[in-house]
Amino acid sequence: MTPVQEHVLKFAIALPWWQVAIILVGFPALYLCNYFTPWTKGLFKERNHSYFFPFSCSLAFLHWASVGLVVLFVTQAGGQLSDIGLNMSSSRFAMMLGTFALIGTVLVLWRQSAPGNRKSRLPEIMLVMLPVTFGERVFFVFMCVTAGICEEVVYRGFGICALCGNGVPMWLTVILVSIAFVMIHGLWSVRWLFLPYFIWGVLYSGLFLWAQSLTPGIWLHTLWDMVIVLGSY
């Protein structure tokens, strides 16, 4: 790493390029391919909400599979998750999950007690993927926690630390991980919401570099996504 990189990032881990490519290129490609599956076509093209669970489960599988490979690659290199910024104890991590569960429960119960509102300003393509029933809202909270943890670990912690550890300049690193972050949100995000997701990716990367920890990003990412429960119909 250059002196500038050492100043802005205290975490870095050198890994084989093929491992970095699997995580930052291979998995985003899998997310894009997932948008050609029957459950994704049924949800977004046919606007058939019965595909809510199959589509959501497919994303959860890809999210946790990518985290599993990240853990494998880091530990094989002799590192730990703290080497990519996940520097919290098991008890703190459990406390964080419990807090997310409590907040999610409050939001779901609050939304259940409110009258339904189908006149949302959100695009129809986004409305179709919002939870409708109590069970869907509970599962959506799980998906918010999944996104907050997995996306920060993979596309901020691993992505930034691995690229910087292999000598990629910081400015280019942030661009590359932010593009990967856009891609995992699917073809419709790449086509119509590229800039907003890219900006969010840059902001989350900046938060990680500023805090030197994934913890603030996980909190912000998860809680921000949970607020969507209140906008469901």
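A residue counts as partly exposed when its relative accessible area falls between the cut-offs for buried, under 20%, and exposed, over 50%. In this predicted model, valine 190 comes out at 31% relative accessibility, so it belongs in that partly exposed group. Valine 190 sits in helix H9, which covers residues 187-192.

Valine 190 also has a share in a nonpolar patch on the surface, about 430 Å² in area, together with Trp171, Ile175, Ile179 and Phe194. The biggest giver here is helix H8 (residues 170-183), which puts three residues into the patch. As for its build, H8 runs to 14 residues and spans 20 Å from first C-alpha to last, close to the 20 Å expected at 1.5 Å a residue.

H8 has a buried set too: Met170, Thr173, Val174, Val177, Ser178, Ala180, Phe181 and Val182. Phenylalanine 181 is worth a closer look. Its relative accessibility is just 2%, so it counts as buried. Arginine 156 lies over the face of this ring, 4.4 Å from the ring centre.

Then there are the ring contacts. The structure has 13 aromatic pairs. One of them joins phenylalanine 181 and tyrosine 197 edge-to-face, with 6.4 Å between the centres and 70° between the planes. This pair ties together distant parts of the chain, since phenylalanine 181 is in helix H8 and tyrosine 197 is in helix H10 (residues 194-211), 16 residues apart. Tyrosine 197 counts as buried as well, because its relative accessibility is 18%. Both rings belong to a cluster linked by ring pairs, whose other members are Trp200, Tyr204 and Trp224.

Definitions and conventions. Residues numbered from 1 in each chain as written. Predicted model: local features only at pLDDT ≥ 70, side-chain atom pairs only at ≥ 80, totals over all residues. Heavy atoms only, no water. Patch = residues over 30% accessible without salt bridge, like charges linked within 9 Å, V, L, I, M, F, W, Y side chains within 5 Å. Areas by Shrake-Rupley, 256 points an atom, 1.4 Å probe, with all protein chains shown as cover. Salt bridge = Lys/Arg side-chain N within 4 Å of Asp/Glu carboxyl O. Helix = DSSP H or I, 4+ residues; strand = E, 2+ residues; numbered from the N terminus. Buried < 20%, exposed > 50% of the residue type's maximum accessible area, 1.4 Å probe, protein only. Expected span 1.5 Å × (residues − 1). Phe/Tyr/Trp six-rings, centres within 6.5 Å; stacked < 30°, edge-to-face > 60°. Lys NZ or Arg CZ within 6 Å of the ring centre and 35° of its normal.
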